[in-house]
Amino acid sequence: MTNRPLPGAAPPPGPSAQPAPREGGPDGAEPGAAALPAARRAAGYGPAKGASPAPVRTAARPGRRGGGGRKSPLARGGWTPWLYLAPALVVIGGLLVYPVYQLGLISFLEYTQAQVSGGEPATFQGFGNYATLFGDPQFWQVLLATVLFAGACVVSTLAVGCALAVLLTRVRAVPRLALMLAALGAWATPAVTGSTVWLLLFDPDFGPVNRILGLGDHSWTYGRYSAFALVLLEVVWCSFPFVMVTVYAGIRAVPAEVLEAASLDGASQWRIWRSVLAPMLRPILVVVTIQSVIWDFKVFTQIYVMTGGGGIAGQNLVLNVYAYQKAFASSQYSLGSAIGVVMLLILLAVTLVYLRLIRRQGEEL
């Protein structure tokens, strides 16, 4: 009995039967092989081997015009920050830019009491006032004294402020609060009041400092160096709270794990400050250093009050007091303005040089 195939069933392959060719191209490719390169490109695999890359269309960037023109700064939102800064810029322009402009203008004029009263017209002198100023030997003596005094004040202020900032991290809550309040009280004291109090403390007749030290009627403001030292103490006393509070806030932001790891490695407190804290606090130290340089370089009130306007025969003059004497005591307003311009240029130069050195070290401010 022979087995007949069922209706509709394929006959069994015989020995001479050949497999039916697959549908597709002449090379026997699978169905849909021509669509594989497009699928590979869509999936991110790139074109298939041996296939020519299809031209890729680049989508037009949003905001591009047909002619390839750029958007205006107003359309990009570039003016928005300036709109927010406009009120502050107007105030700064009125309080800073215009006075500096007037200062520079007067320094190029002959402007004395005769011109102020309207008796004579102001005449243009060019750099004549600066030539007169630079030819005065007293100016160079005062400039040297100012640089040395400001440098000593900056170093002392930074040393005291940083040391007390580290101390705040070591003491308990109550002593820390008392120290903070005392420092902020010194910071909030007006310069005239603080200078007067320090004069009373070091008074040769009634001051408690001479009695405690057994100095008798020693006058601290009579000698040049002792007067500068007394003023330096008062400047540091009213300036270190800013450094202390700022550096203390920076220390609190340092992760505790870093300090603990340094302590476990056997580093001393000085080594932790020099190798761990100071590098991490360098941006903050840059800010407080620049602020201290600006403040201490243009000290006026403390010198004027504590030395009686510059000391005996002007031995304790600094540039700010020297400019005041030239402008108001001698009515040479043009020379006083020239001294002010020189001070401004010196401070700008010091700040730019310091920032350039920091940027060379790879620090971000």
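Angles between helix axes that are under 35 degrees count as roughly parallel, over 145 as roughly antiparallel, 65 to 115 as roughly perpendicular, and the rest as oblique. Keep that in mind for the second stop. What you have open is a predicted model.

**Stop 1: the whole chain**

Start with everything shown as cartoon. You should find 15 helices and 2 strands. Colour by burial next: of the 365 residues, 28% count as buried. Switch on the surface, and about 24000 Å² is exposed, with carbon and sulfur atoms supplying 64% of it. As for how the chain meets itself, take contacts between residues at least 6 apart in sequence: 64% of them join residues at least 24 apart.

**Stop 2: α5 against α9**

Now select residues 137-168, which is helix α5, and residues 224-252, which is helix α9. Their axes sit 6 Å apart, and the two helices pack at an angle of about 40°. That angle falls outside the parallel, antiparallel and perpendicular ranges, so α5 and α9 are oblique to each other. Turn the view until one helix lies over the other, and you can see that α5 passes α9 in a right-handed crossing. What sort of residues make up this contact? Show the side chains: 22 are nonpolar, 4 polar and 1 charged.

**Stop 3: Leu-233**

Stay on α9 and pick Leu-233, which lies in this helix. Is Leu-233 buried or exposed? Neither, quite: Leu-233 is partly exposed, because its relative accessible area of 41% falls between the 20% and 50% cut-offs. Setting aside residues up to four places away in sequence, Leu-233 touches Trp-198 and Phe-202. Draw a distance between the C-alpha atoms of Leu-233 and Trp-198 and you get 9.0 Å, for a pair 35 residues apart along the chain.

**Stop 4: α14 and its surroundings**

Select residues 319-329 for helix α14, then show Leu-319, Val-321, Tyr-322, Ala-323, Lys-326 and Ala-327, which are buried. What do these buried residues pack against? Light up α4 (128-134), α12 (282-297), α13 (301-306) and α15 (333-360), plus α5 from the second stop. Before leaving, click on Ser-331, which follows α14 and has a positive phi, near 60°.

**Stop 5: Gln-115**

Finish at helix α3, residues 113-117, where you will find Gln-115. Gln-115 counts as buried because its relative accessibility is 7%, and the cut-off is under 20%. Leave out its neighbours within four places in sequence, and the contacts of Gln-115 are Glu-110, Glu-120, Pro-121 and Ala-122.

Technical notes. Residues numbered from 1 in each chain as written. Predicted model: local features only at pLDDT ≥ 70, side-chain atom pairs only at ≥ 80, totals over all residues. Heavy atoms only, no water. Axes fitted to C-alpha atoms, helices over the stretch in contact; angles between N-to-C directions. Helix = DSSP H or I, 4+ residues; strand = E, 2+ residues; numbered from the N terminus. Left-handed = near helix turned anticlockwise from the far one by under 90°. Nonpolar A, V, L, I, M, F, W, Y, C, P; charged D, E, K, R; others polar. Buried < 20%, exposed > 50% of the residue type's maximum accessible area, 1.4 Å probe, protein only. Contact = heavy atoms within 4.5 Å. Areas by Shrake-Rupley, 256 points an atom, 1.4 Å probe, with all protein chains shown as cover.
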